[in-house]
Amino acid sequence: MEPVAVIGAGSWGTALALLMADKGHPVRLWVHGEENCRALVDHRENRTYLPGYPLPDNLTPTRDFAEALRGARLVLSVTPSHAVRDVMRQAGPHIERDAIIVSASKGIENDTLLTMDGVLREVLPAHLHERLTFLSGPSFAKEVAARLATVVVVAATQDDLAAKVQSALYTPYFRVYRNTDVIGTEIAGALKNVIAIATGAISGFGLGDNARAATITRGLGEIARLGVSLGANPMTFLGLAGMGDLVLTCTGELSRNRRVGFEIGKGRKLKDVLAEMKMVAEGVRTTKSAYDLSKKLGIELPIIDQVYEGLYHDKPMSEVVADLMGRSLKSEWQDIPVRSA
């Protein structure tokens, strides 16, 4: 069994490291912060981000990029999206030339408006650009660590590369599909977190299930509208990276983004909500990126616009709801994309 490197020891990175260790690989888990790494080594458990799941003997936490990446032909990049640029720039020189990289981070950079594909292409050596793949789909880390049945998708521009990752990650409890729509998979994975904040706010405000179902449905339309404008395949948004991940994140009790929205819907301030959270809610940063990107492209995204106003300008939920419900009447299929650009 060849060694596998996992860069990032949050809940998702730890769960994927456990998955690969479960398959028998020697796994090196790169950990941010000396104190965090020492805790994993001493306790043989990630008590901060994924408590209750012991680290097996073939999983080694480390702070050293060279140690983590030496000999690894499969590298999983699993840091928060805003940290990918800095972390993977440092990791890049140590990655084997023939390694396959699996990005499992979901987000859009605030300043550059790049997805993780764009960020990785800017910071990694050119010979690795065609070795990039992207993991997405409905998958809470805790359930993967508990070996509960999970179904995901991996995207790559080359189908044979996606097939290699599909085989490498598959277990009887972790089924992997594949596609070649990188931009669609990434946009879906990033924006579903924004819509989850919206549905959480609806629940926190007490609007009920009718409004939540409508927001999920119309939110999917907004995700697809932005994705297709960037060249995505519309079918991607009906699949695991699209509808699958959206439903999970908007309804699951483990969803951090839904929790942020719920507290905002109850009238709390964003800074107070985030101060109580140990883990990152990717949708907060991605909301700004999606808002800025939609304005740059001239695309109308009413729900995402209102999430932005609520998070960044403290717009009251009563006004958010009134503005969304009071928009001009139109055909259901107006502005819904049916083919890629």
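How many aromatic pairs does a search of the whole structure find? The search finds three. The model is predicted. The legends below start with the whole chain and then turn to the ring pairs and one helix.

**Figure 1. The whole chain has 15 helices and ten strands.** The radius of gyration is 20 Å, close to the 20 Å that the globule rule gives for 341 residues. The chain is therefore as compact as a globular protein of that length. Along its principal axes, the C-alpha trace spans about 60 × 40 × 35 Å. Of the 341 residues, 54% count as buried. Contacts with a separation of 6 or more were also sorted by distance along the chain; 70% of them come from residues 24 or more positions apart. The exposed area is about 14800 Å², and carbon and sulfur atoms supply 52% of it.

**Figure 2. W30 and F65 form one of the three aromatic pairs.** The ring centres of W30 and F65 lie 4.5 Å apart. Their planes meet at 15°, so the pair is stacked; planes under 30 degrees apart count as such. W30 sits in strand β2, residues 27-30. F65 belongs to helix α3, residues 65-69. The two residues are 35 apart in the chain, and their pairing links distant parts of it. Are W30 and F65 buried or exposed? Both are buried.

**Figure 3. Y291 and Y308 stack between two helices.** Their ring centres are 3.8 Å apart. The planes are at 10°, so this pair too is stacked. Y291 lies in helix α13, residues 282-297. Y308 lies in helix α14, residues 302-313. The separation in the chain is 17 residues. Both tyrosines are buried.

**Figure 4. Three tyrosines form a ring cluster.** Which residues do the ring pairs link? The cluster consists of Y291, Y308 and Y312. Y291 and Y308 are the stacked partners of the previous view.

**Figure 5. Helix α1 is largely enclosed by the rest of the structure.** The helix runs over residues 11-22, twelve in number. From its first C-alpha to its last, α1 reaches 16 Å. That is close to the 16 Å expected at 1.5 Å a residue. Why call α1 largely enclosed? Eleven of its twelve residues are buried. Among them are S11, W12, G13 and T14. The buried set also includes L16, L18, L19 and M20. After α1 comes G24, with a positive phi near 100°.

Methods:
Residues are numbered from 1 along each chain as its sequence is written. This is a predicted model: local features need pLDDT of at least 70, side-chain atom pairs count only at pLDDT 80 or more; totals for chains, interfaces and linings use all residues. Side-chain values use heavy atoms; hydrogens and water are left out. Rings of Phe, Tyr and Trp (its six-membered ring) pair if their centres lie within 6.5 Å; planes under 30 degrees apart count as stacked, over 60 as edge-to-face and the rest as tilted. Helices (H or I, at least four residues) and strands (E, at least two) are DSSP runs, numbered from the N terminus. Buried means under 20% relative accessible area, exposed over 50%, partly exposed in between (1.4 Å probe, protein chains only). The expected span of a helix is 1.5 Å times one less than its number of residues. The radius of gyration is taken over C-alpha atoms; the globule rule is 2.2 Å times the number of residues to the power 0.38. Contact means heavy atoms within 4.5 Å. Accessible areas come from the Shrake-Rupley method with a 1.4 Å probe; for residues, only the protein chains shown count as cover.
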